[in-house]
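Thanks for sharing this one. Here are some friendly notes to read alongside the model.

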Amino acid sequence: MTRRPPRSTQSRSSAASDVYKRQVHGEKDQNVTSQQQIQKEFRGPIHIFFGSQTSTAANFGKILGKEGEDNFFKTFCVDLSEFDKEKFIKEVKYGIFSMATHGEGEPTDNAKSFYKWITSKEEEDQVDLSHLKYTVFGLGNKQYQHYNAMGKKTNEQLKKRNAKTMFKYGEGDADV
């Protein structure tokens with residue numbers, strides 16, 4: 001993975017010039033230092049899970065992954081059709097869930113097995129996710145009766161299993 005300086009409001013030529021000056025003259029970049037400190041304190045990769053029917057949540061998840069990499073975080077984008085509960089429980093410490101809703105508040109096709117697992121009454125007492133820090137972003141359209149139902153349900157179910165929120169639940173409305 002190629003490391004790049006953090007994005008800024010500078011123009012590309014100005015930013016490139018600054019990088020060149022630092023490399024040639026040995027000047028330190030305060031932003032890179034703080035990014036390295038953040039990365040050092042932040043243990044483990046960020047897994048970005050997406051439940052998507054029309055690719056909106058998938059594309060949003062991929063954008064988040066790219067932004068994370070651009071800011072020196074190791075990210076993995078995971079289609080929920082490839083969800084592995086054992087791997088999730090053992091390996092995932094930081095998770096971002098990009099969740100779309102399908103039909104009448106149901107999970108998208110690729111998120112059905114994840115949703116079945118996370119809402120299972122049999123597994124509710126057996127699954128402790130206290131090791132997980134997460135955030136959920138629901139993608140929906142306010143014109144529908146069950147606006148962002150899957151985002152809300154996912155957030156609720158992760159909390160029930162003792163996962164800790166990194167950032168509060170967020171929503172996006174395609175109708176704006």
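1. Leaving aside neighbours within four places in sequence, glycine 151 is in contact (heavy atoms within 4.5 Å) with Met99, Thr101, Val136, Gly138 and Tyr169. The C-alpha atoms of glycine 151 and threonine 101 are 7.5 Å apart, with their positions 50 residues apart along the chain.

2. Glycine 151 sits in helix H7, residues 149–160; helices (H or I, at least four residues) and strands (E, at least two) are DSSP runs, numbered from the N terminus. Glycine 151 counts as buried because its relative accessibility is 0%; buried means under 20% relative accessible area, exposed over 50%, partly exposed in between (1.4 Å probe, protein chains only).

3. A word on the source: this is a predicted model, where local features need pLDDT of at least 70 and side-chain atom pairs count only at pLDDT 80 or more, while totals for chains, interfaces and linings use all residues. Residues are numbered from 1 along each chain as its sequence is written, and side-chain values use heavy atoms, leaving out hydrogens and water.

4. Where is threonine 108? Threonine 108 lies in the loop between strand E4 (106–107) and helix H5 (112–118), and is buried at 0% relative accessible area. Not counting residues up to four places away in sequence, threonine 108 touches Gly51, Ser52, Gln53, Ala100 and His102.

5. The side chains of threonine 108 and asparagine 110 share a polar contact of 2.7 Å (a pair of N or O atoms within 3.5 Å; within protein, one must be able to donate a hydrogen and the other to accept it, and residues adjacent in sequence count only if both atoms are side-chain atoms). A polar side-chain atom of threonine 108 also lies 3.2 Å from the backbone nitrogen of serine 52.
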